[in-house]
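Got your viewer open? Load the model, pick a cartoon view with side chains on call, and follow along stop by stop.

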Amino acid sequence: RTRMHFQWDWLCLGVLIINSVTAETENEETLDVDVEVEDFDKQSQEADVDRDISSLGIVYQTPKPTGEVYFTETFDGVLAGWVLSKSKKEDTDDNIAKYDGRWEVEELKKNTVPGDRGLVLKSVAKHHAISAMLTRAFIFDKKPLIVQYEVNFQEGIDCGGAYIKLLSSTDDLNLEYFFDKTPYTIMFGPDKCGEDYKLHFIFRHKNPKTGEYDEKHAKRPDVDLKKFYLDKKTHLYTLVLKPDDTFEMLIDQMVVSKGSLLEDVVPPVNPPKEIDDPSDKKPDDWDERPKIPDPNAVKPDDWDEDEPSKIEDPDAVKPEGWLDDEPQYVPDPNAKKPKDWDEEMDGEWEAPQIPNPKCETAPGCGHWVRPMKNNPNYKGKWKAPMIDNPNYQGIWSPRKIPNPVCFEDLHPFEMTTVSAIGLELWSMTSNIYFDNFIICSEKEVADRWAADGWGLKKLVASANEPGMFSQLVTAAEDHPWLWLLYILTLALPVGLGVLFCWPTKKSDEDIDFKKLDVSKPIPKGELKYERDELEDDEIELEEKENEGTAED
């Protein structure tokens with residue numbers, strides 16, 4: 001029985017370790033977020049596909065929009081319509097102010113889809129600016145705005161952005177002079193510096209009273225965005241603005257943030273109706289003290305403020321064996337004066353002090369002093385007890401007055417018309433890949449566009465994913481302690497097989513016991529006596545059963 005318990009303990013341990021390894025692998029492969037998955041077109045879902053890309057016979061075809069669009073760009077053909085900026089960034093040193101960062105059109109470095117090319121930011125520590133006019137301007141009226149594009153941080157990202165700007169339609173818009181101060185209506189996309197991973201959605205709102213523009217920032221997503229920036233895969237970024245003044249931000253067709261343009265942006269679109277009166281001042285006699293010392297309290301006559309908090313313990317006794325005449329430290333008898341010691345320059349040489357060896361075995365050395373203890377008569381400085389302040393008026397705050405710049409915009413969706421798209425970026429990492437821009441109003445059009453572009457990249461990347469063994473090795477490189485779990489996991493089947501299947505060796509006690517049973521003769525008298533006892537027991541049992549039947 002003890003052996004069986006031991007075997008079951010090993011079996012339970014094996015199951016726990018296998019579950020730990022499985023859980024760790026799954027955690028490495030999935031985001032620790034809870035996102036809402038959109039019900040996108042089935043054509044964008046690439047599930048249960050053959051892992052062998054060559055057997056799939058994938059042939060890339062440049063995506064074509066299936067409905068009304070305001071702008072599309074695949075970068076597969078001639079790079080027409082895109083304009084490099086000749087401007088300079090303001091408030092920056094002249095040696096880095098120019099927008100001279102290099103752009104190239106090329107295929108992905110990994111998980112390449114032959115024929116599929118994208119726009120790639122190539123320079124490090126330089127300003128980049130490139131823009132293009134929309135096919136037709138987007139007017140914010142009764143149709144939703146959907147902006148969608150792909151980004152791949154092919155070398156990860158240290159510090160830099162991959163966001164886009166939808167440029168406002170103005171009479172003086174000149175793409176050759178596109179720079180950081182060029183008016184935009186919307187800024188959207190990923191940005192990262194240090195350990196701060198952001199997904200921007202910023203829109204510029206026009207104050208109807210002053211005509212000035214203020215930036216409104218959507219609240220940060222509640223999900224962990226880190227994996228999207230570091231896994232070196234192509235990700236799909238989508239912004240949806242609806243005429244009902246709501247928005248959604250999606251990554252890889254998963255909603256990572258959504259809200260209201262009226263309630264979920266900072267600062268709010270509409271200012272408060274009332275504000276503090278800047279001319280209002282707190283009166284000098286305003287009493288904000290909820291408690292005050294009792295003015296009628298009197299210090300007791302026996303209250304002695306001069307009593308110390310600690311006194312010598314009068315009951316303390318010097319320990320027996322205390323060495324009063326021995327110092328705690330003595331000169332080191334083994335120390336020698338250095339040969340280069342100059343008494344005229346260095347003074348008289350003295351050996352360094354060491355703990356007195358005689359004190360090591362004694363309770364103490366030197367002059368004995370009574371230990372201190374708390375003074376039972378100590379009361380400290382007397383203070384009057386606190387009572388409720390009868391003149392308490394509460395915490396003062398200035399009076400409210402109508403906000404002179406108050407306005408109410410119930411439909412912030414009605415933003416400034418957009419007529420161009422631009423990328424104005426700085427990055428400390430090169431080879432940031434952009435592809436398949438689309439601006440439209442119909443969800444089905446954006447979904448179909450995603451299926452023909454990003455969906456194909458996702459399929460190729462999925463087919464090129466390493467096998468389970470490679471994933472386990474990668475996980476162990478990040479968490480070296482997993483090697484121990486792997487070794488135990490591989491050793492467990494062997495150990496369990498030995499425990500359950502290997503023939504057990506009979507102990508000497510079992511053999512001796514069986515030998516004694518076999519070799520011990522049974523006399524005929526004993527055999528007959530045991531047989532008679534067995535028959536008597538059977539008769540007694542039958543009688544009890546008959547009695548029970550009769551009672552029923």
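The tour goes from confidence colouring to strands, then the core, the disulfides and a helix.

**Stop 1: colour by confidence**

This is a predicted model, so start with pLDDT. The chain averages 83, and 78% of the residues score at least 70. Now select residues 23-55: here the pLDDT is below 50, yet the stretch has 59 contacts in the model beyond near neighbours in sequence. Jump to residues 513-519, also below 50 in pLDDT, and you'll find zero contacts of that kind. Where pLDDT is low, the predicted coordinates should not be read in detail.

**Stop 2: a run of paired strands**

Select strand 10 (residues 184-193) and strand 11 (residues 196-206). They run antiparallel, joined by eight bridges; for one of the pairs, show glycine 189 and histidine 200, which are bridge partners. The two strands make a hairpin with two residues between them, and glycine 194 in that turn has a positive phi of about 65 degrees.

Next, add strand 12 (residues 213-218), which is antiparallel to strand 11 and tied to it by five bridges. Click lysine 206 and you'll find its bridge partner, tyrosine 213, in strand 12. Histidine 205 pairs with aspartate 214 in that strand. This is a hairpin too, with six residues between the strands; look in the turn for glycine 211, whose phi is positive at about 80 degrees.

Carry on to strand 16 (residues 265-266), where two bridges make an antiparallel match with strand 12. The pair to display is alanine 218 with valine 265.

Before moving on, go back to strand 11: is it enclosed or open? Eight of its 11 residues are buried, so the rest of the structure largely encloses it.

**Stop 3: into the core**

Stay on strand 11 and zoom in on phenylalanine 201. Leaving aside neighbours within four places in sequence, its contacts include Ile186, Met187, Leu239, Leu241, Phe247, Met249 and Leu261, along with Lys216, His217 and Ala218. Phe201 belongs to the largest nonpolar core, a set of 63 residues; Ile186, Leu241, Ile421 and Phe434 join Phe201 as those with the most contacts inside it. For a second, separate core, select Val69, Ile146, Val445 and Trp449, which are among its 10 residues.

**Stop 4: the cysteines**

How many disulfides does the structure hold? There are two, and with the bonded cysteines numbered in sequence order they pair 1-2, 3-4.

Show cysteine 159 and cysteine 193 as sticks: their sulfur atoms sit 2.1 Å apart. The link is left-handed, with -95 degrees about the S-S bond. This pair links distant parts of the chain, since cysteine 159 is in strand 8 (residues 159-161) and cysteine 193 is in strand 10, 34 residues apart. Switch on a surface and cysteine 193 comes out partly exposed, with a relative accessible area of 42%.

The other pair is cysteine 359 with cysteine 365, sulfur atoms 1.8 Å apart. Its S-S torsion is about -125 degrees, so this disulfide is left-handed. Both of these cysteines are buried. While you're on cysteines, pick cysteine 440, which is buried at 0% relative accessibility.

**Last stop: helix 7**

Finish at residues 454-463, which make up helix 7. The helix is mostly covered, with eight of its 10 residues buried. To highlight the buried ones, select Trp454, Gly455, Leu456, Lys457, Leu459, Val460, Ala461 and Ala463.

Technical notes: Residues are numbered from 1 along each chain as its sequence is written. Side-chain values use heavy atoms; hydrogens and water are left out. A nonpolar core is a set of buried Ala, Val, Leu, Ile, Met, Phe, Trp, Tyr and Cys residues joined through side-chain atoms within 4.5 Å. Buried means under 20% relative accessible area, exposed over 50%, partly exposed in between (1.4 Å probe, protein chains only). Contact means heavy atoms within 4.5 Å. Helices (H or I, at least four residues) and strands (E, at least two) are DSSP runs, numbered from the N terminus. A disulfide is a pair of cysteine sulfur atoms within 2.5 Å. Two strands pair if DSSP finds at least two bridges between them. pLDDT is the predictor's confidence in each residue, from 0 to 100.
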